[in-house]
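Biologist: I'd like a close look at one part of this model, the charged side chains and where they sit. Please walk me through it, and then show me how the rest of the chain fits around it.

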Amino acid sequence: PLFVPRSASAAAAAATATAGGARVALEGPTGPPAGFPLASFGLQIYDDNTAYKLTTIAIEAGYRNFFASVLAGNQRGFARAVRDCGVPRDELYICGTVLSNRARGYDAAYRKTKRGCDENLE
């Protein structure tokens, strides 16, 4: 895994209030632990222009953790807001979903997951 939470008691003790709300410390593969924002801004199903506006407002309000789903179909508006916001990309956490639950077998699931990741990055 890229990042794993510390033990529950250590994670609770490491949660701190910063821009965007409380964070929990994660242990990364290299370097010091990173702070993962506990509050997440979730994108719903609306057009790209609305996604741009709402993502911009969320970033200005201090959100640094986002849940963007290919199911919402507004990745371009979200991506434009992230690009235009001026916040360094390594300060933003972007989580998402891919559709691979109907795949049969490991190889098929891997291909569908990779395709979903690629679609999210378009």
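Modeller: Happy to! Let's begin with Asp-84, which counts as partly exposed because its relative accessible area is 42%; here buried means under 20% relative accessible area, exposed over 50%, and partly exposed in between (1.4 Å probe, protein chains only). Before going on, please keep in mind that this is a predicted model, where local features need pLDDT of at least 70 and side-chain atom pairs count only at pLDDT 80 or more, while totals for chains, interfaces and linings use all residues. Residues are numbered from 1 along each chain as its sequence is written, and side-chain values use heavy atoms, with hydrogens and water left out.

Asp-84 forms a salt bridge with Arg-83, and their closest N and O atoms are 3.0 Å apart. The term stands for a side-chain nitrogen of Lys or Arg within 4 Å of a carboxyl oxygen of Asp or Glu, and by that rule the count comes to 1 salt bridge. Its partner Arg-83 has 60% relative accessibility, so Arg-83 counts as exposed.

Other charges gather on the surface: Arg-102, Arg-111, Lys-112 and Arg-115 form a positive patch. A patch is made of residues with over 30% relative accessible area and no salt bridge, like charges being joined within 9 Å and nonpolar side chains (Val, Leu, Ile, Met, Phe, Trp, Tyr) within 5 Å. Lys and Arg count as positive and Asp and Glu as negative, with His and the chain ends not counted. Of the patch members, Lys-112 is found in helix H4 (residues 106-121), and Lys-112 is partly exposed because its relative accessibility is 31%.

Now for a contrast. Asn-65, in strand E6 (residues 65-69), has 3% relative accessibility and so counts as buried. Beyond its neighbours within four places in sequence, Asn-65 is in contact (heavy atoms within 4.5 Å) with residues including Phe-36, Phe-41, Tyr-93 and Cys-95. Cys-95 lies in strand E7 (residues 93-97) and is partly exposed, because its relative accessibility is 33%. The C-alpha atoms of Cys-95 and Gly-42 are 9.3 Å apart, although 53 residues separate them along the chain.

Stepping back, the chain has 4 helices and 7 strands, where helices (H or I, at least four residues) and strands (E, at least two) are DSSP runs numbered from the N terminus. Buried residues are 28% of the 122 in the chain.

Note on methods:
Accessible areas come from the Shrake-Rupley method with a 1.4 Å probe; for residues, only the protein chains shown count as cover. The place of a charge is taken as NZ of Lys, CZ of Arg, CG of Asp or CD of Glu.
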